[in-house]
2 protein chains.
Amino acid sequence: MTTTIAPHRSKGRPRFDRAVALERALGVFWRRGYEPASVAELCAAMEINPPSLYAAFGSKAQLFMEAVEHYERIYWDAAWERLADVADVHEAIAGFFHDAVRILTSQDAPCGCLVILAATNVSAESQEVNDALKALRKEGRDWFLARLQRAVSDAQLPAQTDTDGLAAALNTMLEGLSLQARDGASQDELTRIVVVAITMLPDSPRR
Amino acid sequence: MTTTIAPHRSKGRPRFDRAVALERALGVFWRRGYEPASVAELCAAMEINPPSLYAAFGSKAQLFMEAVEHYERIYWDAAWERLADVADVHEAIAGFFHDAVRILTSQDAPCGCLVILAATNVSAESQEVNDALKALRKEGRDWFLARLQRAVSDAQLPAQTDTDGLAAALNTMLEGLSLQARDGASQDELTRIVVVAITMLPDSPRR
DNA sequence: GTTCATTTGTAGCGTCCGCTACAAACAGTC
DNA sequence: GACTGTTTGTAGCGGACGCTACAAATGAAC
């Protein structure tokens, strides 16, 4: 991954490397959560001062939302794509959950998923952040649902499968895994959980 | 449920009703979470002033831990007992999860479980609170595990059942349900999820 | 009725928070 | 080298936080 080269066209003192700073902010938000991550701590990690942060990102909330977008793109987009691409639904779901385990334990400190955990128990003041994350969490369920519905029409799942309930259950499991990860569960422990979790998928109908 | 009558033995001005105040504090912590619930907000709900709160409960953190104990006793003890008491493991697990759905949606506002959610993303200062809750969350898995092991020795589950993994998966599901509840899922939605969740239990072995 | 232990309400402490005014530092333009 | 536009670092604002000093208020003991 190469940073886009912005060869400094404008006048004035050159700005800090925005991409690097965003990456470091993501790390702080991920490990600490949205509110516990203070602007002072973010600035220290980003190696800039508050005025630079506010000039470049607007506010702590906007910086967080940019970090979330970056996080989704870097860590989850590929996993959701594989879920859609793998032809067999059982393989696809199993693969997705193993991807998830890898992502959730990819940081040094126990963290879980930024979208699921970073802004729980957030003050009412930053309700926009909460709403945006809630929408992202709902997206997860929708992706599961779309994949399951395709599996039913492909006759990989029984026709009477409650795809809504099953999608919600898989999403619940995914979100629960974040809590386990934050509580310090190891990659092995999470793997044993997902092995059980994927048994929620009904067997393929008899052919 | 009657409040214990403490007939005011000591000298001095009589103290406010501690039990009522604790109940109201629980409500605030439950609906808002640990850190978003400010001492000012707690005092307003408890109808006392800060010095009274600190004289009676010590600190915000200690008040919270007392509220958690009260919460566990009032809302969850019966459910865990039923899990242990019901003879058939499939019935017991199903019953427990339906109890859980009822508890998680028992408040007017979307909340989830105090133990699981109220102190996620808590500042490092109150690490004791986090550790205590983490221990409580682990207890849930242990109760599942004990029930599953009994079911295996009762030949209600296959002998080769991965009871550790299954207990962890059930606990993950339970914790995930709290997140769904906090995101506003209705009782019906949660019920459809647990119907799927309990399919993680293997069928009884052939007799 | 006086005494005295206890709780109460007021008022505010110190601290950290997100955020910003301001002037010095810098890098291109001419 | 003077000018100009941008970013930088310092230093601090207003406000919310958890918590507490203090004196007035209360009610049992005598």
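This short talk covers the contact between chains A and B, then the protein surface around DNA strand D.

First, the ground rules. This is a predicted model, where local features need pLDDT of at least 70, side-chain atom pairs count only at pLDDT 80 or more, and totals for chains, interfaces and linings use all residues. Residues are numbered from 1 along each chain as its sequence is written, chains are lettered from A and ligands numbered from 1 in the order in which they are written, and side-chain values use heavy atoms, with hydrogens and water left out.

Let's start with the protein interface. Chain A puts in 36 residues, and chain B puts in 36 residues. Contact here means heavy atoms within 4.5 Å. About 2900 Å² is buried between the two chains, and carbon and sulfur atoms give 52% of that. Buried area is the accessible area, with a 1.4 Å probe, that two parts lose on being put together, summed over both. Who supplies it on chain A? Asn121(A), Thr172(A) and Asp183(A) supply 23% of the area that chain A buries against chain B, more than any other three residues.

Now the polar side. There are six salt bridges between chain A and chain B. That term means a side-chain nitrogen of Lys or Arg within 4 Å of a carboxyl oxygen of Asp or Glu. One of them joins Arg137(A) to Asp183(B), with the closest N and O atoms 2.8 Å apart. Polar contacts link 18 residue pairs across this interface, both residues at pLDDT 80 or more. A polar contact is a pair of N or O atoms within 3.5 Å; within protein, one must be able to donate a hydrogen and the other to accept it, and residues adjacent in sequence count only if both atoms are side-chain atoms.

Which elements of chain A give two or more residues to this side? Helix 6 (114-117), helix 7 (127-153), helix 8 (163-182) and helix 9 (187-197). Helix 8 gives the most, with 14 residues. Helices are DSSP runs of H or I, at least four residues, numbered from the N terminus.

On to the DNA. There are 23 residues around strand D, and Gly12(A), Asn49(A), Val39(B), Tyr54(B) and Lys60(B) come nearest. Near means a heavy atom within 4 Å. Sugar and phosphate make up 72% of the strand D atoms that come within 4 Å of the protein.

Three polar pairs to look at:
- Asn49(A): a side-chain N or O atom is 2.7 Å from a phosphate oxygen.
- Val39(B): a backbone N or O atom is 2.8 Å from a phosphate oxygen.
- Arg13(A): a polar backbone atom is 3.4 Å from a base oxygen.

Last point. Helix 3 of chain B gives the largest share of the surface near strand D, three residues.
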